[in-house]
Amino acid sequence: PNLNMITWIIKELNITKDCHVLEIGSGRGGYIMGIAERTGCSFVGVDILPHFVEEANGRAKKRGLDKQGVFVEGSYQTLATNEKCKQHFTHILSIASLYYAHKDIDACLSNIAQVANKDSKILVWDFNRIKKEYANFERHMKTKSLVSQSEMIESLIKNNLRVNKMEDLTSRMTPCLKILRDAALEDDPTSEINTFPFVYNSFLEGEVVHPVWTISKA
């Protein structure tokens with residue numbers, strides 16, 4: 001995980017030891033465990049892939065975080081019926097995962113709204129399309145359903161969610177991605193595995209942007 005992003009999230013959302021955080025699309029747990037280690041907060045991580053959930057719980061135990069939180073199977077579309085998500089969460093995080101489910105964006109945001117409380121702080125770190133065609137991004141990320149920022153806002157409003165702040169990280173991320181892209185290409189110029197060349201090119205060619213949305217219930 002990006003350690004600078006972990007620090008930024010903690011500061012931006014004022015996460016403390018008294019907070020209870022839900023991360024949707026938690027993967028192997030790097031972000032939420034980094035946040036929990038630094039703040040002492042409790043947490044629930046949800047991911048659709050069983051082997052990620054198993055690995056994340058194993059890593060949490062090794063790092064002494066299993067008393068603070070747990071990782072469970074689930075998806076954006078099933079949050080409202082997931083027993084582990086029926087809790088009072090002070091914060092809800094979606095870090096670079098919602099774009100995989102953009103084809104069901106209304107259902108995803110509806111479920112987020114249902115598990116959020118009136119005072120929950122919601123952060124979505126996402127990708128949005130600028131152009132209708134985004135070949136570089138699609139080539140690696142295997143998604144053909146990216147929504148635009150205006151479509152995202154429309155869906156948020158439809159689901160009784162309010163945008164408090166939107167920060168576009170594209171210009172800040174591009175130099176970092178160039179370094180990572182060059183290193184990846186030097187290591188293996190023919191690699192189809194590494195994401196960095198494809199995302200970097202999609203930024204350069206104006207296909208997509210990389211916003212962070214800070215949201216709450218309307």
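## Helices, a buried serine and salt bridges

Me: Which sign does phi take at N14, just after α1?
Reply: Positive: N14 has a phi of about 55° and comes just after α1. Helices (DSSP H or I, at least four residues) and strands (E, at least two) are runs numbered from the N terminus.

Me: Anything I should know about the coordinates?
Reply: This is a predicted model, with local features needing pLDDT of at least 70, side-chain atom pairs counting only at pLDDT 80 or more, and totals for chains, interfaces and linings using all residues. Numbering runs from 1 along each chain as its sequence is written, and side-chain values use heavy atoms, without hydrogens or water.

Me: OK, α1 itself. Which residues are buried?
Reply: In α1 (residues 3–13) they are M5, I6, I9, I10 and L13. Buried means under 20% relative accessible area, exposed over 50%, partly exposed in between (1.4 Å probe, protein chains only).

Me: Why say they line one face of the helix?
Reply: Seen down the axis of α1, the buried residues fall within an arc of 135°, so they line one face. The arc is taken from the directions from helix axis to C-beta atoms. N4 and K11, on the other side of α1, are exposed.

Me: What does the buried side pack against?
Reply: Against α2, β4 (91–95), β5 (121–125) and β9 (211–217). Contact is heavy atoms within 4.5 Å.

Me: Then α2. How many of its ten residues are buried?
Reply: Eight, so α2 (residues 30–39) is largely enclosed by the rest of the structure. The buried residues are G30, Y31, I32, M33, G34, I35, A36 and T39. Just after α2, G40 takes a positive phi of about 85°.

Me: E37 isn't in that list. Which residue does E37 meet in a salt bridge?
Reply: R63, at 2.7 Å, N to O. A salt bridge is a side-chain nitrogen of Lys or Arg within 4 Å of a carboxyl oxygen of Asp or Glu. R63 sits in the loop between α3 (50–62) and β3 (69–73) and E37 in helix α2, so the pair ties together parts 26 residues apart in sequence. E37 is partly exposed at 41% relative accessibility. R63 is partly exposed too, at 33%.

Me: How many salt bridges does the structure hold?
Reply: Eight. Among them is D106 with K158, at 3.0 Å, N to O. That pair links distant parts of the chain: D106 is in helix α4 and K158 in helix α6, 52 residues apart. D106 is partly exposed at 30% relative accessibility, while K158 is exposed at 54%.

Me: What about E83? Which side chain meets it?
Reply: K86, in a salt bridge of 3.1 Å, N to O. E83 is exposed at 58% relative accessibility. K86 is exposed as well, at 51%.

Me: New topic: S120. Buried or exposed?
Reply: Buried, with a relative accessible area of 1%. S120 lies in the loop between α4 (105–115) and β5.

Me: What does the S120 side chain reach?
Reply: The backbone oxygen of F89, at 2.6 Å. A polar atom of the S120 side chain also lies 2.8 Å from the backbone nitrogen of N117. Polar contacts are N or O pairs within 3.5 Å; within protein, one must be able to donate a hydrogen and the other to accept it, and residues adjacent in sequence count only if both atoms are side-chain atoms.

Me: And which residues does S120 touch?
Reply: Leaving out residues up to four places away in sequence, S120 touches F89, T90, I215 and S216.
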